[in-house]
Amino acid sequence: MKWFTVLMIFGFVAFYTGDNVCLRYSSERAGWPAFWWFAVGNVLGFIATVMLTFALKAQHPNIIFALAQGGGFCVLQLASFYIFRVPLSPLQWAGVILIAIGIFCVQSKRSEEHTSELQSPDHLVCRLLLEKK
C-alpha cells in the first residue's frame with residue numbers, strides 16, 4: 001500500500017474520531033457553544049470524507065473500507081472510553097477486539113493477492129469484461 005493511501009486512511013480515522021467527539025460535545029451543550037461544536041464536527045467530517053475518497057481511488061474498496069471504517073470505529077470506541085468515560089462491558093470489548101482482528105484479516109497479503117489476480121487481464125472474468133467494451 002502506498003504511503004499516500006496510508007496517510008489518507010490515518011487522516012480519515014483521526015478526522016472521523018474528531019468529528020464524532022465534537023458532535024458529542026455539541027449534544028451536551030446549548031446555544032452558541034453547541035452550534036460551534038456542531039460546526040467544527042461537520043467540518044472535520046467533511047475532511048474525513050474527502051480523505052476517504054482519495055484513499056478509495058488508490059486501492060481496492062474492500063480493503064480501504066475495512067481499514068478506514070473499522071479502524072475509525074475501534075479508535076472512536078477507545079476515544080469515547082477515555083474522553084467521556086463511557087464504560088464498555090466485557091462482551092462489548094470483545095466486539096471491538098473482533099472488529100480489529102477482522103480489519104487485520106481483510107487487509108492481509110492473501111486478500112491482496114486474490115484481488116490482484118482477479119484484476120489481471122489473464123483472468124477469465126476480467127478478459128470477458130474487457131472484451132465487452
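User: Before we look at Ile 9, what does contact mean here?

Analyst: Contact means heavy atoms within 4.5 Å. By that rule Ile 9 touches Met 1, Ala 55, Ile 64, Leu 67 and Ala 68, leaving aside residues up to four places away in sequence. A word on the source: this is a predicted model, where local features need pLDDT of at least 70, side-chain atom pairs count only at pLDDT 80 or more, and totals for chains, interfaces and linings use all residues. Residues are numbered from 1 along each chain as its sequence is written, and side-chain values use heavy atoms, with hydrogens and water left out.

User: Thanks! Which helices and strands does the chain have?

Analyst: Helices (H or I, at least four residues) and strands (E, at least two) are DSSP runs, numbered from the N terminus. The protein chain has six helices and zero strands.

User: How do I read a nonpolar core, and which residues have the most contacts inside the largest one?

Analyst: In soluble globular proteins, nonpolar side chains tend to be buried together. A core is a set of buried Ala, Val, Leu, Ile, Met, Phe, Trp, Tyr and Cys residues joined through side-chain atoms within 4.5 Å. Buried means under 20% relative accessible area, exposed over 50%, and partly exposed in between (1.4 Å probe, protein chains only). Here the largest nonpolar core has 15 residues, and those with the most contacts inside it are Ile 9, Phe 12, Leu 52, Ala 55, Ile 64 and Leu 67. At least two core residues come from each of helix 1 (3-27), helix 2 (31-58), helix 3 (61-83) and helix 4 (90-106). Helix 3 gives the most, with five residues.

User: And how are aromatic pairs described? How many are there?

Analyst: A pair of aromatic rings is described by the distance of the centres and the angle of the planes. Rings of Phe, Tyr and Trp (its six-membered ring) pair if their centres lie within 6.5 Å; planes under 30 degrees apart count as stacked, over 60 as edge-to-face and the rest as tilted. The count comes to 10 aromatic pairs. One of them, Tyr 25 with Trp 37, is tilted, at 4.7 Å centre to centre and 45 degrees between the planes. Tyr 25 sits in helix 1 and Trp 37 in helix 2, 12 residues apart.

User: Are those two rings buried, partly exposed or exposed?

Analyst: Tyr 25 has a relative accessible area of 22%, so it is partly exposed. Trp 37 is partly exposed because its relative accessibility is 30%.
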